[in-house]
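Please look over the sequence and the model shown below before reading on. The report is meant to be read with both in view.

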Amino acid sequence: MVHFKVNGREQTFDGDPEMPLLWYLRDVLGLTGTKFGCGMGLCGACTVLQNGKAIRSCQKQMGTAAGLEITTIEAISANGPHAVQKAWAEVNVPQCGYCQPGQIMQAVSLLSSKPKPTDDDIDDGMAGNICRCGTYQRIRAAIHAAAKEMA
């Protein structure tokens with residue numbers, strides 16, 4: 001039996017230990033904000049926070065989730081939209097929107113470790129998240145805007 005937290009709530013799991021966290025979040029808990037992309041941890045659509053740091057939920061097996069605190073896009077802020085989500089809307093980042101929850105979770109993780117990121121910090125920190133629409137310039141602008149609001 002695996003005990004862990006998702007969005008602050010205690011969870012237990014006694015199923016297949018190789019089940020990806022992504023499927024648990026989406027299929028068991030109904031938290032569909034986390035998206036399935038490549039299934040190989042290469043695109044970042046499935047990014048969630050594990051103890052505050054970005055991980056690819058498609059690569060995290062349930063058998064290794066014991067004691068972890070997982071945060072999904074549904075719970076990154078208890079008091080309305082997170083500064084990153086507000087900046088995303090202000091800058092009009094999304095086009096198709098599919099990758100955006102993963103992009104936002106990666107940006108939240110980046111800003112927790114680099115509160116005043118440079119363009120290079122943003123490019124490096126977001127390099128593992130792919131946007132097929134090519135909204136990278138707007139993502140960078142939104143991260144700078146969120147950093148100013150969070151300062």
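What follows goes from the overall fold to the cores, and then to single residues and loops.

## Overall architecture

The structure is a predicted model, and its protein chain contains five helices and five strands. Read from the N terminus, these elements come in the order β-β-α-β-β-β-α-α-α-α. The radius of gyration of the protein chain is 15 Å, close to the 15 Å that the globule rule gives for 151 residues, so the chain is as compact as a globular protein of that length. Taken along the principal axes, the box filled by the C-alpha atoms is roughly 45 × 30 × 25 Å.

Of the 151 residues, 42% count as buried, and among contacts with a separation of 6 or more, 58% are made by residues 24 or more positions apart. The accessible surface of the protein chain is about 7,800 Å², and carbon and sulfur atoms account for 50% of that surface. As for charge, the chain has 14 positive and 14 negative charges, and the mean positions of these two sets lie 5 Å apart.

## Helix α1 and the strands

Helix α1 covers residues 21-28, and its buried residues are Leu21, Leu22, Tyr24 and Leu25. These buried residues of α1 pack against β1 (2-6), β2 (9-13), β3 (47-50), β4 (53-56) and β5 (69-71). After α1 comes glycine 30, which has a positive phi, near 75 degrees.

## Two nonpolar cores

The largest nonpolar core has 20 residues, and those touching the most other members are Val84, Trp88, Ile104, Met126 and Ile143. Helices α2 (83-91), α3 (100-113) and α5 (136-150) each supply at least two residues of this core, and the greatest contribution comes from α3, with six residues. Isoleucine 104, one of the residues named above, is in contact with Ile73, Ile76, Val84, Gln85 and Trp88 once its neighbours within four places in sequence are left aside.

Apart from this core lies another, of 15 residues, which includes Met19, Leu25, Leu31 and Met62. Leu25 is also one of the buried residues of helix α1.

## Valine 84 and alanine 146

Valine 84 lies in helix α2, and with a relative accessible area of 0% this residue is buried, because the term applies under 20%. Leaving aside neighbours within four places in sequence, valine 84 is in contact with Ile104, Ala107, Val108, Leu111 and Ala146. Its C-alpha atom is separated by 9.3 Å from that of histidine 144, although the two residues are 60 residues apart along the chain.

Alanine 146 belongs to helix α5 and is likewise buried, with a relative accessible area of 0%. Not counting residues up to four places away in sequence, alanine 146 touches Ala83, Val84, Ala87 and Leu111. Leu111 therefore appears among the contacts of valine 84 as well as among those of alanine 146, and the contact between Val84 and Ala146 can be read from either side. Between alanine 146 and valine 108, which are 38 residues apart in sequence, the C-alpha to C-alpha distance is 9.2 Å.

## Glutamine 106

Is glutamine 106, a residue of helix α3, buried or exposed? At 12% relative accessibility, glutamine 106 counts as buried, since the cut-off for that term is under 20%. Beyond its neighbours within four places in sequence, glutamine 106 is in contact with Thr47, Ala54, Arg56, Gly125, Met126 and Asn129. Of these, Met126 is also one of the residues that touch the most other members of the largest nonpolar core.

## Asparagines with positive phi

Most residues other than glycine have a negative phi, and two asparagines of this model may be set beside that rule. Asparagine 51, found in the loop between β3 and β4, is not a glycine and yet has a positive phi of about 50 degrees.

Asparagine 92 is placed in the loop between α2 and α3, and its phi, near 55 degrees, is again a positive value in a residue other than glycine. With a relative accessible area of 54%, asparagine 92 is exposed, whereas valine 84, in helix α2, is buried.

Methods
Residues are numbered from 1 along each chain as its sequence is written. This is a predicted model: local features need pLDDT of at least 70, side-chain atom pairs count only at pLDDT 80 or more; totals for chains, interfaces and linings use all residues. Side-chain values use heavy atoms; hydrogens and water are left out. Helices (H or I, at least four residues) and strands (E, at least two) are DSSP runs, numbered from the N terminus. The radius of gyration is taken over C-alpha atoms; the globule rule is 2.2 Å times the number of residues to the power 0.38. Buried means under 20% relative accessible area, exposed over 50%, partly exposed in between (1.4 Å probe, protein chains only). Contact means heavy atoms within 4.5 Å. Accessible areas come from the Shrake-Rupley method with a 1.4 Å probe; for residues, only the protein chains shown count as cover. Lys and Arg count as positive and Asp and Glu as negative; His and the chain ends are not counted. The place of a charge is taken as NZ of Lys, CZ of Arg, CG of Asp or CD of Glu. A nonpolar core is a set of buried Ala, Val, Leu, Ile, Met, Phe, Trp, Tyr and Cys residues joined through side-chain atoms within 4.5 Å.
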